[in-house]
Amino acid sequence: MRRTRTVAVVTLAAAVVAVTLAASPVGAGPSAGVASPPAEAGPTLKADYKFKGNRNSSVPGASPLANVGPGANTFATENVDGVNRTVLQFPQANGVELRNATSVLPRDRYTIVIKMRLDDTSGYRRIVNFVLPGAAADRGLYNLAGDLTLSPVAFGSGSPIDPDQWVNVVLTRSQGGRLRGYVDGVPEFDIVAPAEAKIGASNILRFFRDNSDRQESSGAVARIRLYNATMTPAQVAALGT
């Protein structure tokens with residue numbers, strides 16, 4: 001709500017308060033002399049991969065996900081939270097990736113939602129790989145011994161990721177670099193790290209397959225959703241699976 005300038009000033013102290021409010025960037029226009037950062041638009045679903053026998057998005061305009069890895073990914077029916085669903089199973093060292101990713105998402109602002117299970121949650125197991133070069137290749141979203149981790153800057157400890165259990169993993173990033181991670185709607189980390197978790201120059205967003213370190217697990221994925229802006233914690237909590 002826009003604050004309005006106080007008209008009746010009874011004391012000098014009240015006058016100071018009125019002037020301060022009038023000059024505040026909360027409600028002031030250009031005369032305030034302080035530029036506020038532009039508000040981000042709300043998140044819009046740009047891709048929705050449900051793995052119903054294919055790797056296509058049900059939202060038009062997004063490319064299909066490509067298989068990566070030496071093995072073969074396969075479609076299968078699994079019980080996901082009490083409902084039989086078609087999922088994509090992947091062996092260790094395999095995964096899927098979105099090529100030309102910035103045609104779907106901004107490089108530095110997004111919400112990624114993954115319904116997934118991992119067979120092995122011991123140690124580091126890659127979830128999201130931003131395909132970064134050189135020494136930065138290990139930076140990204142992992143399971144670390146059951147905790148959601150944005151390596152090497154944020155380590156969660158709330159809702160565990162257990163082996164062979166379906167979980168909903170969410171990573172949000174604001175344009176200013178605020179990064180939040182969730183497991184089944186439970187907050188795991190919340191940091192500001194402007195240099196982290198941007199889609200790399202290769203323009204690939206990869207899931208489950210690591211770089212040459214091979215910190216990976218076999219598993220399955222039932223759904224991947226990509227939004228073009230950051231969700232609030234309330235919006236994440238309200239997500240279905």
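Here are a few short exercises on this structure, each with a worked solution.

This is a predicted model, where local features need pLDDT of at least 70, side-chain atom pairs count only at pLDDT 80 or more, and totals for chains, interfaces and linings use all residues. Residues are numbered from 1 along each chain as its sequence is written, and side-chain values use heavy atoms, with hydrogens and water left out.

**Exercise 1. Find the strands at the edges of the open sheet of 7 strands.**

Step 1: Start with the terms. Strands (E, at least two residues) and helices (H or I, at least four) are DSSP runs, numbered from the N terminus. Two strands pair if DSSP finds at least two bridges between them.

Step 2: Write down the order, which is β2-β5-β14-β7-β8-β9-β10, with antiparallel pairing.

Step 3: Look at the ends. β2 (66–68) and β10 (154–155) each have a single partner strand, so one side of each has no neighbour in the sheet.

Step 4: Zoom in on β10. Strand β9 (residues 147–151) is joined to β10 by 2 bridges, and the two run antiparallel. Threonine 149 has phenylalanine 155, in β10, as its bridge partner.

**Exercise 2. Work out which parts of the chain are tied together by the salt bridge between lysine 115 and aspartate 81.**

Step 1: Use the rule: a salt bridge puts a side-chain nitrogen of Lys or Arg within 4 Å of a carboxyl oxygen of Asp or Glu. By this rule the count is 13 salt bridges.

Step 2: Check the pair. The closest N and O atoms of lysine 115 and aspartate 81 are 2.5 Å apart.

Step 3: Place both residues. Lysine 115 sits in strand β6 (residues 110–118) and aspartate 81 in the loop between β3 (74–80) and β4 (83–90), so the pair ties together parts 34 residues apart in sequence.

Step 4: Add accessibility (buried is under 20% relative accessible area, exposed over 50%, partly exposed in between, with a 1.4 Å probe and protein chains only). Lysine 115 has 2%, so lysine 115 is buried.

**Exercise 3. Do the same for arginine 126 and aspartate 210.**

Step 1: Their closest N and O atoms are 2.8 Å apart, in a salt bridge.

Step 2: Arginine 126 belongs to strand β7 (residues 124–129) and aspartate 210 to the loop between β14 (204–207) and β15 (219–227), so this pair links parts 84 residues apart in sequence.

Step 3: Both arginine 126 and aspartate 210 are buried.

**Exercise 4. Describe the surroundings of asparagine 211.**

Step 1: Asparagine 211 is in the loop between β14 and β15. Its relative accessibility is 17%, so asparagine 211 counts as buried.

Step 2: List contacts, meaning heavy atoms within 4.5 Å. Not counting residues up to four places away in sequence, asparagine 211 touches Arg126, Asn129, Ala137, Asp138 and Tyr142.

**Exercise 5. Classify the ring pairs of phenylalanine 208 with phenylalanine 90 and with phenylalanine 207.**

Step 1: Rings of Phe, Tyr and Trp (its six-membered ring) pair if their centres lie within 6.5 Å; planes under 30 degrees apart are stacked, over 60 edge-to-face, and the rest tilted. The whole structure has 4 aromatic pairs.

Step 2: Phenylalanine 90 and phenylalanine 208 are stacked, at 4.4 Å centre to centre with 15° between the planes.

Step 3: Phenylalanine 90 lies in strand β4 and phenylalanine 208 in the loop between β14 and β15, so the pair ties together parts 118 residues apart in sequence.

Step 4: Phenylalanine 207 and phenylalanine 208 have ring centres 6.5 Å apart and planes at 50°, so this pair is tilted.

Step 5: Put it together: Phe90, Phe207 and Phe208 form one aromatic cluster.
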